[in-house]
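Here are some short exercises to work through with the viewer open. Try each task yourself before reading its solution.

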Amino acid sequence: MAIVEVTDKTFATDVESTGTGTVLVDFWAPWCGPCKMLAPILDEVSAELGDKLTIAKVNVDNNPESAGKFGIMGIPSLVVFKDGEMVSKMTGLQQKDQLIQWLKEYV
């Protein structure tokens, strides 16, 4: 499954109202070095777990409402939503193996 861009306007529909399933939301910004390093890792995670979860990206510069709602203080921040509810959060650059291990609990 492709990685989807989510905005303040589409967050509720794309993430919170998905009904069932797991969504990994990447809160990032274009000027953030670790965020740029995380992007290809998320592509790999998507290739490996894409049939079990959706990966969504939220640009915090353009969508401050969503970032504020979930207490995002540092980026990159990764938030897992299961069946529309926030269940876990992790901040900072992560390696693929760490992410897959973390996500296995929710997919």
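**Exercise 1. Find which residues of helix α4 (residues 96–104) are buried, and work out how they are arranged around the axis.**

Solution. Keep in mind that this is a predicted model.

Step 1: In α4, the buried residues are L99, I100, W102 and L103.

Step 2: Looking down the axis of α4, these buried residues fall within an arc of 165 degrees, so they line one face of the helix. The general rule helps here: an α-helix has 3.6 residues a turn, so residues three or four places apart point the same way.

Step 3: Now turn to the face of α4 directed away from the buried side, where you will meet the exposed residues D97 and Q101.

Step 4: Finally, look at what covers the buried residues of α4: the cover includes β2 (22–28), α2 (33–49), β3 (53–59), β4 and β5 (85–91).

**Exercise 2. Describe the surroundings of β4: is the strand enclosed or not, and which strands pair with it?**

Solution.

Step 1: Of the six residues of β4, five are buried, so the strand is largely enclosed by the rest of the structure.

Step 2: On pairing, β4 and β2 are antiparallel over six bridges, and F27 has S77 in β4 as its bridge partner.

Step 3: β4 also runs antiparallel to β5, again with six bridges; here K82 is partnered by E85 in β5.

Step 4: The hairpin of β4 and β5 has two residues between the strands, and D83 takes a positive phi near 55 degrees there.

**Exercise 3. Classify the aromatic pair of F11 and F81, and say what the pair ties together.**

Solution.

Step 1: The whole structure holds four aromatic pairs. One of them joins F11 and F81, with 5.7 Å centre to centre and 75 degrees between the planes. Planes over 60 degrees apart count as edge-to-face, and this pair is edge-to-face.

Step 2: F11 belongs to helix α1 (residues 11–16) and F81 to strand β4 (residues 77–82), so the pair ties together parts that are 70 residues apart in sequence.

Step 3: Check the accessibility of both rings: F11 is buried at 3% relative accessible area, and F81 is buried at 1%.

Step 4: Widen the view, and ring pairs link F11, F27, F70 and F81 into a cluster.

**Exercise 4. Locate I75 and list what it touches.**

Solution.

Step 1: I75 sits in the loop between α3 (64–69) and β4, and is partly exposed at 21% relative accessible area.

Step 2: Leaving out residues up to four places away in sequence, I75 touches F27, W28, A29, W31, C32, C35 and V60.

Step 3: One of these contacts, W28, has K57 over its face, at 5.0 Å from the ring centre.

Methods. Residues are numbered from 1 along each chain as its sequence is written. This is a predicted model: local features need pLDDT of at least 70, side-chain atom pairs count only at pLDDT 80 or more; totals for chains, interfaces and linings use all residues. Side-chain values use heavy atoms; hydrogens and water are left out. Rings of Phe, Tyr and Trp (its six-membered ring) pair if their centres lie within 6.5 Å; planes under 30 degrees apart count as stacked, over 60 as edge-to-face and the rest as tilted. Helices (H or I, at least four residues) and strands (E, at least two) are DSSP runs, numbered from the N terminus. Buried means under 20% relative accessible area, exposed over 50%, partly exposed in between (1.4 Å probe, protein chains only). A charge sits over a ring if NZ of Lys or CZ of Arg is within 6 Å of the ring centre and within 35 degrees of the ring normal. Contact means heavy atoms within 4.5 Å. The arc is that of the directions from the helix axis to the C-beta atoms. Two strands pair if DSSP finds at least two bridges between them.
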